[in-house]
Amino acid sequence: MAGMDLKIVCEKIDSQREILHNISETIWMNPELQYEEVQAHDFLTDTLRKYGFNVTKHYLLPTAFRAEHVSTQDKGPVVAVLLEYDALPVIGHGCGHNLISEAGVAASIGIKAVMEADPTIVGKLVVLGTPAEEGGGGKVQLIKKGAFKDIDVAMMVHPRKFTIFAPPTLSKINCVIDFKGKESHASAFPWEGLNALDAAVCFYQSIGLLRQQIKPSYRLHAIITKGGTAPNIIPAEAQLKMYIRAPTRNEVYELKAKVEKCMQGAATSTGCTYSAQFDEENCYENLITNPVLGKLFGKFSEQLGLPECDTMKEIPAGSTDMGNVSHVVPSIHPVYDIETNAANHTIEFADASYSTKAQAPTLIAAKSMAMTALTLFRHPEVLAQVQAEFLAQRTLK
């Protein structure tokens with residue numbers, strides 16, 4: 001039966017490759033930032049509706065959506081395929097979310113085709129549009145609003161410059177730091193001022209020194225977003241934005257305490273005051289890949305010609321709000337090679353995500369997701385293994 005399912009999945013996706021490519025191109029050419037993905041939301045929901053899905057626009061969040069296809073019997077497993085479609089400032093789709101949308105739609109129409117061809121399949125397919133992955137915590141908010149309460153398994157794929165079926169990710173918290181000083185004439189009366197920019201620079205240098213005394217898996221990065229108004233005015237205000245990352249949420253908060261001491265030191269040494277806003281509500285969790293699902297995806301990916309990279313001694317890790325989903329339901333978030341040497345979050349990767357070279361691996365990743373979902377629909381014992389592993393992983397947290 002798996003052979004017939006694979007045949008149907010491949011034929012359906014391959015027959016729609018031009019439309020699927022157009023999904024990627026359209027989203028790529030119209031980049032929208034977090035929670036502003038109005039065009040992508042409308043385009044994707046219209047597309048899914050044309051493919052016969054029952055679509056709910058503006059699902060729980062203004063630019064989120066939910067589309068469903070249910071078997072003839074409204075029971076059985078509920079499998080969610082997740083889409084992302086927000087872009088980055090300035091560089092657009094430098095993380096390839098246009099391809100994530102394409103892969104999600106492709107996998108969904110492949111699954112639906114098999115479900116329609118075989119009425120004995122029992123289950124529900126959910127296509128979940130999740131906005132604001134790039135720092136906005138779209139999935140975190142969807143979890144809080146109950147989007148995953150009826151979901152048994154969640155999956156998505158992500159383009160990278162290598163293929164890894166169970167990639168590590170880091171927990172992350174965002175922070176905005178404001179330093180307040182006192183304005184004065186920078187030449188005539190500098191001693192009457194308190195330089196908030198000096199405080200910001202002192203803090204920036206302090207976290208640079210702190211990096212020498214933290215674990216290699218920890219990450220600190222910041223930008224100065226406000227540093228004054230004119231060179232002849234002592235800056236009374238300065239601001240930084242930063243990300244604090246570590247392998248787990250607990251470690252993030254341990255690192256956060258060290259960062260706060262750097263803030264205090266910078267303020268004290270310059271005579272300024274400071275305030276810090278930590279976006280704890282949208283803290284990203286580390287990704288927990290379900291081993292049963294990961295092996296299933298990997299088996300189909302290798303069968304279709306997209307093997308795992310075997311030369312990576314150390315896998316670079318970012319952060320994703322899919323990590324939060326993986327703490328709620330069994331999940332996978334494989335990354336796949338789109339035949340580029342460029343790193344994510346660069347203009348070069350944005351170009352690669354638009355390239356036709358990215359199409360073949362994207363569709364293989366989509367077919368692998370489809371076959372993973374169909375295995376769960378056809379084999380309740382596999383879903384039971386997935387759930388058992390999930391409970392075991394939660395116990396070990």
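Glu339 sits in the loop between β12 (335-337) and α10 (347-354). Its phi is positive, about 60°, although Glu339 is not a glycine. That is worth a glance in your viewer, because most residues other than glycine have a negative phi. Please keep in mind that this is a predicted model. The points below start with the backbone at such places, then move on to two helices and three buried residues.

**Backbone with positive phi**

- Glu339 counts as partly exposed, at 46% relative accessibility.
- His58 is another residue that is not a glycine yet has a positive phi, here about 50°.
- You will find His58 in the loop between β1 (54-56) and β2 (65-70), where its relative accessible area of 48% makes it partly exposed.
- Gly271, which follows α7, also has a positive phi, near 75°.

**Helix α7: one side in, one side out**

- Helix α7 covers residues 249-270, 22 residues in total. From its first C-alpha to its last it reaches 32 Å, close to the 32 Å expected at 1.5 Å a residue.
- Which residues of α7 are buried? They are Glu251, Val252, Leu255, Lys256, Val259, Cys262, Met263, Ala266 and Ala267.
- These buried residues cover an arc of only 150° around the axis, so they lie on the same side of α7.
- The general geometry helps here: an α-helix has 3.6 residues a turn, so residues three or four places apart point the same way.
- Asn250, Lys261 and Thr268 are exposed on the other side of α7.
- The cover over the buried residues of α7 includes the strands β7 (171-180), β8 (219-226), β9 (237-246) and β10 (273-278), along with the helix α6 (196-210).

**Helix α2 and its neighbours**

- Helix α2 runs over residues 17-29. It has 13 residues and spans 18 Å from first C-alpha to last, close to the 18 Å expected at 1.5 Å a residue.
- Its buried residues are Leu20, His21, Ile23, Ser24 and Ile27.
- Looking down the axis of α2, you see these buried residues fall within an arc of 145°, so they line one face of the helix.
- What do the buried residues of α2 pack against? Their partners are α1, α3 (38-50), α4 (97-117), α10 and α11 (359-378).

**Where α2 meets α10**

- The axes of α2 and α10 are 9 Å apart and make an angle of about 150°.
- Are α2 and α10 roughly parallel or antiparallel? An angle over 145 degrees counts as roughly antiparallel, so that is how α2 and α10 run relative to each other.
- From α2, the contact involves His21, Ser24, Glu25, Trp28 and Met29. From α10, it involves Ala350, Asp351, Ser353 and Tyr354.
- By character, the residues in this contact of α2 with α10 divide into four nonpolar, three polar and two charged.
- His21 and Ser24 appear in this contact and are also among the buried residues of α2.

**Three buried residues and what they touch**

- Val9 lies in helix α1 (residues 2-15) and is buried, with a relative accessible area of 0%.
- Leaving aside neighbours within four places in sequence, Val9 is in contact with Gly110, Val114, Lys367, Ala370, Met371 and Leu374.
- How many residues apart along the chain are Val9 and Ser368? They are 359 residues apart, yet their C-alpha atoms are separated by 9.4 Å.
- Tyr51 belongs to the loop between α3 and β1, and its relative accessible area of 15% makes it buried.
- Not counting residues up to four places away in sequence, Tyr51 touches Gln16, Ile19, Ile109 and Lys112.
- Between Tyr51 and Ala238 there are 51 Å in space, C-alpha to C-alpha, and the two are 187 residues apart in sequence.
- Leu287 is in the loop between β10 and α8 (291-303), and at 9% relative accessibility it counts as buried.
- Outside its neighbours within four places in sequence, Leu287 contacts Pro167, Thr169, Met322, Gly323, Ser326 and His333.
- Leu287 and Leu255 are 32 residues apart along the chain, with 19 Å between their C-alpha atoms. Leu255 is one of the buried residues of α7.

Note on methods: Residues numbered from 1 in each chain as written. Predicted model: local features only at pLDDT ≥ 70, side-chain atom pairs only at ≥ 80, totals over all residues. Heavy atoms only, no water. Helix = DSSP H or I, 4+ residues; strand = E, 2+ residues; numbered from the N terminus. Buried < 20%, exposed > 50% of the residue type's maximum accessible area, 1.4 Å probe, protein only. Expected span 1.5 Å × (residues − 1). Arc of directions from axis to C-beta. Contact = heavy atoms within 4.5 Å. Axes fitted to C-alpha atoms, helices over the stretch in contact; angles between N-to-C directions. Parallel < 35°, antiparallel > 145°, perpendicular 65-115°, else oblique. Nonpolar A, V, L, I, M, F, W, Y, C, P; charged D, E, K, R; others polar.
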